[in-house]
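Q: Please give a close look at one part of this model: the pairing of charged side chains. How does it sit in the whole?

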Amino acid sequence: INKAEENLQQGVEKVKEMKNDAIEKLQKDLAKAKRWARRAEEQRDQLEEVLAGKKAVVEQEEAAQAHKAQVTEVVKEELMEEEIKKQEAQEVAEEEKKKKEARFEMLEAQVKQAKDALKAVKAVAEEVAESD
């Protein structure tokens, strides 16, 4: 009976030791898992910061592109307005040129008429002078 009690006691001691070893191993594994979880959280936080920074850069680039597009549109409008003004000025200049050419032609015709009239007067004057 003593032997059986001693074997039983040794078995109980062995089971307690195994239980304590298992608890100790589980505690170490838990501590390790917590360290890994903390590192993973830190990495996630770092990645979130990097992502936030990249998002800010993208937003800045998008804003710059939008501004550039806006400026381009304004410049195009101004160029179109200038082109229209230039075209209108050319049309006015062409119209003025036509008017001046018409006036010049009219004056040339008047000069020709005046010369013809002068020739006729000279011819009449010569005839009168010859008849005297």
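A: A residue is called buried under 20% relative accessible area, exposed over 50%, and partly exposed in between. D116, in this predicted model, has a relative accessible area of 37% and is therefore partly exposed. Its partner K112 is exposed, at 52%. The two side chains form a salt bridge with an N to O distance of 3.5 Å. K112 and D116 lie four residues apart in helix α1, so about one helical turn separates them.

The spacing recurs elsewhere. K25 and D29 are also four residues apart in helix α1, about one helical turn, and their closest N and O atoms are 3.1 Å apart in a salt bridge. K25 is exposed at 52%, while D29 is partly exposed at 36%. K28 and E24 form a salt bridge too, at 3.7 Å from N to O, and they again stand four residues apart in helix α1. K28 has a relative accessible area of 54% and is exposed; E24, at 42%, is partly exposed.

R44, D45 and E48 are joined in a network of salt bridges. The total count is five salt bridges. As for the whole, the protein carries 27 positive and 34 negative side chains, with the centres of the two sets 11 Å apart.

The setting is one helix and zero strands. The C-alpha trace spans about 190 × 15 × 15 Å along its principal axes, and buried residues make up 0% of the 132 residues.

Conventions. Residues numbered from 1 in each chain as written. Predicted model: local features only at pLDDT ≥ 70, side-chain atom pairs only at ≥ 80, totals over all residues. Heavy atoms only, no water. Helix = DSSP H or I, 4+ residues; strand = E, 2+ residues; numbered from the N terminus. Buried < 20%, exposed > 50% of the residue type's maximum accessible area, 1.4 Å probe, protein only. Lys, Arg positive; Asp, Glu negative; His and termini not counted. Charge placed at Lys NZ, Arg CZ, Asp CG, Glu CD. Salt bridge = Lys/Arg side-chain N within 4 Å of Asp/Glu carboxyl O.
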